[in-house]
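Work through the exercises below with the sequence and the coordinates at hand, and try each task before reading its solution.

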Amino acid sequence: DGLAALARDQHGVVSREQLRALGVTADHVRHQIGARRWARHGQFVVALHTGPLTRPAWAWAAALHSAPYGLITAWTALEARGLHRWRRELIHVAHPRGTTVAPAPWIARHESRRLDPDADRDRTTDLPMVRAARAAVDAACWSDRADHASALILAVVQQRVAAPSDL
């Protein structure tokens, strides 16, 4: 069915809006959460199980929580593309300046004057995230030290996450 396919594609997490679109009522969601079959993650996201979320599931939860303007970026987007040894615990999400994203304890929110959610989104993946080059530049800009920023860019190129010409 549609819900099972969506849950499979999004690592077991869905938004309340997606549930509504599939005909799942708010009462049904409350009942599933109350019966401890499903788990609430923030005000907009539901896991269709009560087990721990995987790293990709947390990224989906952050993307759904930050919709429609937020995009996974920086270290999280690079990690999703296979960058090794640069993981940050929080899920990094960029959103255009002036848009509102509700706070969530697992999300590092970054407001950007230059983010265009349509133009900057990587259309080769279902997870709403920026292209690899944009993610690398974001992470480098938000690094606390210049040598970390340089090492990150080198790692992105060495691990073939992005081409030098794209940066």
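The exercises that follow concern pockets, burial and strand pairing in a predicted model.

**Exercise 1. Describe the largest pocket by its volume, its lining and the elements that contribute to that lining.**

Solution. Begin with the volume, which comes to about 400 Å³ for the largest pocket. Next, collect the lining, which consists of 18 residues, with Glu17, Ala63, Leu64, Ala67 and Pro68 lying nearest the centre of the pocket. Assigning the lining to elements then shows that helix H2 (16–21) and helix H4 (55–65) are those that give two or more residues, and that H2 supplies the largest share, namely four residues. Finally, sorting the lining by class yields eight nonpolar, four polar and six charged residues.

**Exercise 2. Determine which element gives the most to the lining of the second largest pocket, and state the classes of its lining residues.**

Solution. The second largest pocket has a volume of about 180 Å³, and the residues that line it include Asp9, His11, Arg55, Trp60, Glu79 and Asp126. Two or more lining residues come from each of H4 and helix H5 (74–80), and of the elements it is H4 that gives the most, with four residues. By class, the lining of this second pocket divides into five nonpolar, three polar and four charged residues.

**Exercise 3. Decide whether H4 is mostly covered or mostly open, and name its buried residues.**

Solution. Apply the cut-off for burial, under 20% relative accessible area, to each position of the helix. Nine of the 11 residues of H4 are buried, so by this cut-off the helix is mostly covered. The buried positions are Arg55, Ala57, Ala59, Trp60, Ala61, Ala62, Ala63, Leu64 and His65. Two of these can be traced back to the pockets: Arg55 is among the residues that line the second largest pocket, while Leu64 is one of those nearest the centre of the largest pocket.

**Exercise 4. Characterise strand E5 (residues 91–96) by the burial of its two faces and by its pairing partners.**

Solution. Start with burial: six of the six residues of E5 are buried, with Ile91, Val93 and His95 on one side and His92, Ala94 and Pro96 on the other. Turning to the partners, strand E4 (residues 71–72) pairs with E5 in the antiparallel sense over two bridges, and Ile72 stands opposite Val93 in this arrangement. Strand E6 (residues 107–112), by contrast, runs parallel to E5 and is joined to it by six bridges, with Pro96 standing opposite Ser112.

Definitions and conventions: Residues numbered from 1 in each chain as written. Predicted model: local features only at pLDDT ≥ 70, side-chain atom pairs only at ≥ 80, totals over all residues. Heavy atoms only, no water. 1 Å grid on protein atoms, 1.4 Å probe; cavity = no way out; pocket = protein on both sides within 12 Å on 5 of 7 lines; lining within 4 Å. Points joined across faces, edges and corners; volume = space filled by probe spheres on them. Nonpolar A, V, L, I, M, F, W, Y, C, P; charged D, E, K, R; others polar. Buried < 20%, exposed > 50% of the residue type's maximum accessible area, 1.4 Å probe, protein only. Pairing = 2+ DSSP bridges.
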